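Good morning. I have a few minutes to walk through one structure, so please have a look at it first.

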Amino acid sequence: MWYNNILETIGNTPLVKLNKVAKDIPATVLAKIETTNPGNSIKDRMALKMIEDAEKSGKLKPGGTIIEGTSGNTGMGLAIAAVIKGYKCIFTSTDKQSKEKFDALRAFGAEVIVCPTNVEPEDPRSYYSVSSRLEREVPNSWKPNQYDNLSNSQAHYEQTGPEIWEQTEGKITHLIVGVGTGGTISGTARFLKEKNPAIQVLGIDTYGSVFKKYKETGEFDKNEIYPYITEGIGEDFLPENVDFSLIDHFEKVTDKDAALMTREIARKEGIFAGNSTGSAVAGLLQMKDKFKEGDVVVIIFPDHGTRYLGKMYNDDWLRDRGFLKEEKLTARHIIGKKENLEIVTIDCEKTVLEAINTIKSLNISQIPVTQKGMVIGKITESDILDSLIENPGIKSQPIKNISTAPFPFIDLNTSIDKISGMINKDNIAVLVEDDNGKIAIITQYDIINAISA
């Protein structure tokens, strides 16, 4: 058997039991693995549906340009379909999204315009506004508008809901979905509740989003809105695809819990999933009192971990945001092991001969060069040797004539892995400022000493 094109492989994704991350949940917990779609996300389903419906209605014409505001996954689904169907794509997105998402869209020939995150949707700079302006300006263009285009939720009513019902043999009792555009949760919930109104639909929201409070109070509270890191869920407006009547409860999950759980899923279940999956599983654990033995809980795993390699799967990124404990050695540990933190520097007006004598007397191989107390460069044994071979008379000249770019500065929380990667034949040390504002130098010897101590 074969498929006529890649679009025919969309859907029929597997349902996989979660074991380790869900060990404290009395119910059977199943993950709907949407990463097996050709674009590695659940958005392939609704992207194709929106295009096909637009073709039928005449809104999307042959050779047209698809223009959409997207965090990446919908864009990928649209881009793949556009390749097969012969459309161009222009996508707008926000600067909080991972670089990997943009690179993936460009790989399929799409143009990506990055817009600021921290502006109102109505702001002309927002990715919503920019995409709408482009639709008006670009001839023969069409904007799917995934937030308000009900073909989005219809795709899940026709596909995702029936698949889950069949795969669980109608035994599903709870559905857990991260809520962004609202299409996945609303379309899937509508189908499942038609089959069994008792099924509980639990939406995952993030702090900084308006969904939970609106569901519980009916109030759209702008004070709830603030920047957040979690990708793929939450909104600062109410998309038409979010049918609040179908969602029984919203659970908010912090950026930190979402990020750390994203990594836990990979390490404990062997499933390489994205950031909103981490939110969903963290939400599951927060809601564990809602489940009992015999329940069958299905969680949507919307997208793939490759789009988050520079973020949730990057130790330094997590550490910079205070999400990760310092398990590995850092610059702070290294300088803590140094017996003498007093750094030797030399003023840029001193002569090369004075630098040679300093190096000899202190048995060191490099010296940061300063000007009025500020580090402006460095001088090393090899710098001096190269200069002397070229011009023996340079001994009497100031070292600023032969100094090179300064050693890079790092902060105290920089990991030993990153420091090691920065030290090489062209850059034999790094500088760090300690808690008291004093500058220390770290060399390969210092790293070795800290590791072996």
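I will go through the pocket, the salt bridges, a surface patch, two backbone angles and a few contacts between distant parts of the chain.

Before that, one caution: this is a predicted model, and the values I quote are computed from it.

Let me begin with the pocket. The largest pocket has a volume of about 720 Å³. How many residues line the largest pocket, and which lie nearest its centre? The lining consists of 47 residues, and those nearest the centre are Lys96, Tyr228, Ile233, Gly234 and Glu235. By type, the lining divides into 18 nonpolar, 20 polar and nine charged residues. Four elements supply at least two lining residues each: the helices α2 (73-85), α4 (127-137) and α7 (183-195), and the strand β7 (174-178). Of these, α7 gives the most to the lining, with three residues. If you want to find the pocket on your screen, Tyr228 and Gly234 are among the residues nearest its centre.

Next, the salt bridges. A search of the whole structure finds 25 of them. I will show three pairs and one network.

The first pair is Lys23 with Asp24, whose side chains meet in a salt bridge at 3.6 Å, N to O. Lys23 is exposed, with a relative accessible area of 60%.

The second pair is Asp123 with Arg125, and here the closest N and O atoms are 3.0 Å apart. Which partner is buried? Asp123 counts as buried, at 18% relative accessibility, because the limit for buried is under 20%. Arg125 is partly exposed, with a relative accessible area of 48%. That value falls below the limit for exposed, which is over 50%.

The third pair is Glu264 with Lys268, with 2.9 Å between the closest N and O atoms. Why are these two separated by about one helical turn? Both belong to helix α9 (residues 255-269), and they are separated by about one turn because they are four residues apart in that helix. Glu264 is partly exposed at 28% relative accessibility, and Lys268 is also partly exposed, at 38%.

Then there is the network, in which salt bridges link Lys32, Glu34, Arg45 and Glu163.

Now to the surface. Which residues form a nonpolar patch there? The patch consists of Ile6, Val83, Ile84 and Phe108, and together they have about 330 Å² of accessible area. Ile6 sits in the segment before β1 (15-17) and is partly exposed, with a relative accessible area of 39%.

Two backbone angles come next. Asn140 has a phi near 50 degrees, a positive value in a residue other than glycine. Asn140 lies in the loop between α4 and β6 (141-142), and at 38% relative accessibility it counts as partly exposed. Lys372 likewise has a positive phi without being glycine, near 55 degrees. Lys372 is in the loop between β12 (366-371) and β13 (374-380). Is Lys372 buried or exposed? Lys372 is exposed, with a relative accessible area of 82%.

Last, some pairs that are apart in the sequence. All three distances here run from C-alpha to C-alpha.

Start with Pro239, found in the loop between α8 and β9. Pro239 and Asp148 are 91 residues apart along the chain, and their C-alpha atoms are separated by 5.6 Å. Pro239 counts as buried, at 3% relative accessibility.

Ile229 is also in the loop between α8 (211-217) and β9 (249-253). Its relative accessible area is 25%, so Ile229 is partly exposed. Ile229 and Lys256 are 27 residues apart in sequence and 8.8 Å apart in space.

The third residue is Val201, in strand β8 (residues 200-206). Val201 counts as buried, at 0% relative accessibility. Between Val201 and Ser186 there are 9.1 Å, C-alpha to C-alpha, and the two are 15 residues apart along the chain.

To recap two items: the largest pocket is lined by 47 residues, and the search of the whole structure finds 25 salt bridges. That is the end of my part.

Definitions and conventions. Residues numbered from 1 in each chain as written. Predicted model: local features only at pLDDT ≥ 70, side-chain atom pairs only at ≥ 80, totals over all residues. Heavy atoms only, no water. Patch = residues over 30% accessible without salt bridge, like charges linked within 9 Å, V, L, I, M, F, W, Y side chains within 5 Å. Areas by Shrake-Rupley, 256 points an atom, 1.4 Å probe, with all protein chains shown as cover. Salt bridge = Lys/Arg side-chain N within 4 Å of Asp/Glu carboxyl O. Buried < 20%, exposed > 50% of the residue type's maximum accessible area, 1.4 Å probe, protein only. 1 Å grid on protein atoms, 1.4 Å probe; cavity = no way out; pocket = protein on both sides within 12 Å on 5 of 7 lines; lining within 4 Å. Points joined across faces, edges and corners; volume = space filled by probe spheres on them. Nonpolar A, V, L, I, M, F, W, Y, C, P; charged D, E, K, R; others polar.
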